[in-house]
Amino acid sequence: MWQATLYEFLGTALMIIFGVGVHCDDVLKHTKYRASGHIFAITTWAFGISVVLFIFGGVCINPAMALAQAILDLIPWSYFAPFVIAECLGGLVGALIVYVMYADHFKASEDEVDPVAIRNIFSTNPNLRNLPRNYFVETLATFVFLTAILAVAKSYESLLPIGVGIIVWAVGMGLGGTTGFAMNQARDLGPRMAYQILPIRHKTSNDWQYGLIVPGTAPFVGGLLAALFARYVLHIF
């Protein structure tokens with residue numbers, strides 16, 4: 001279990017280095033890729049997750065996926081809590097590493113980049129806040145995301161790293177425009193905590209209400225639905 005838990009920590013940290021890193025590239029002053037846009041960002045998230053899976057194998061790197069796998073008896077329930085803790089800590093550490101990488105760019109951006117844009121480097125937040133609708137979107141996106149991954153893992157296991165990258169890209173492009181498609185507590189809450197503790201000037205509200213309610217719980221609902229759909233509708237586990 002300890003090696004698997006370590007891989008969850010390392011894999012999630014690396015995922016966040018790619019994902020939060022690309023948002024730094026897009027938002028902060030004097031980066032090589034500033035204002036590259038959402039296609040650049042989503043593609044980097046997708047390919048970055050593929051790289052993680054190439055390195056660490058079939059890791060969850062997502063508490064919602066850990067829940068789905070536990071329900072489907074793909075991992076023991078005793079792994080669930082250690083995986084969730086390791087993944088959230090990995091998200092935090094990955095975001096802290098990104099800050100070190102881009103510290104000069106954060107400093108150069110202090111008085112010119114909108115503090116909300118700086119916060120959104122780390123966490124997901126909707127441009128139009130409607131908690132019930134935001135919750136529905138995150139639940140649906142997570143359900144589609146995890147169901148597709150489970151289907152690939154069952155029928156096309158050798159293609160899993162590439163398959164997951166394609167799924168992230170498609171779900172992000174098609175379902176991510178309203179909330180930023182967290183679909184993963186470790187992806188959102190770990191970096192959100194990093195923003196909370198980092199010495200970034202002119203911080204805006206970290207919006208913990210949204211973070212704890214929507215990306216904090218909706219992925220678990222989506223993961224539960226994905227597991228039930230995989231077992232009782234698709235009959236693949």
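Accessible areas here come from the Shrake-Rupley method with a 1.4 Å probe. The model is predicted.

**Exercise 1. Describe the surface and the interior of the protein.**

Solution.
1. Start with the surface: the protein exposes about 10,700 Å².
2. Split that area by atom type: carbon and sulfur atoms supply 67% of it.
3. Turn to the interior: 51% of the 237 residues count as buried.

**Exercise 2. State which secondary structure elements the protein has, and compare its radius of gyration with the globule rule.**

Solution.
1. Count the elements: there are 10 helices and 0 strands.
2. Read them along the sequence: the pattern is α-α-α-α-α-α-α-α-α-α.
3. Compare the radii: the protein has a radius of gyration of 17 Å, close to the 18 Å from the globule rule for 237 residues, so it is as compact as a globular protein of that length.
4. Add the box: along the principal axes, the C-alpha atoms fill roughly 55 × 35 × 30 Å.
5. Check the contacts: among those with a separation of 6 or more, 77% join residues 24 or more positions apart.

**Exercise 3. Explain why Cys24 and Cys88 form no disulfide.**

Solution.
1. Take the cut-off: a disulfide needs two cysteine sulfur atoms within 2.5 Å.
2. Test Cys24: its closest cysteine sulfur, in Cys88, is 20 Å away, too far for a bond. Cys24 is buried, at 0% relative accessible area.
3. Test Cys88: its closest cysteine sulfur, in Cys60, is 13 Å away, also too far for a bond. Cys88 counts as partly exposed, at 24% relative accessibility.
4. Search the whole structure: the result is 0 disulfides.

Conventions
Residues numbered from 1 in each chain as written. Predicted model: local features only at pLDDT ≥ 70, side-chain atom pairs only at ≥ 80, totals over all residues. Heavy atoms only, no water. Helix = DSSP H or I, 4+ residues; strand = E, 2+ residues; numbered from the N terminus. Rg over C-alpha atoms; globule rule 2.2 N^0.38 Å. Buried < 20%, exposed > 50% of the residue type's maximum accessible area, 1.4 Å probe, protein only. Contact = heavy atoms within 4.5 Å.
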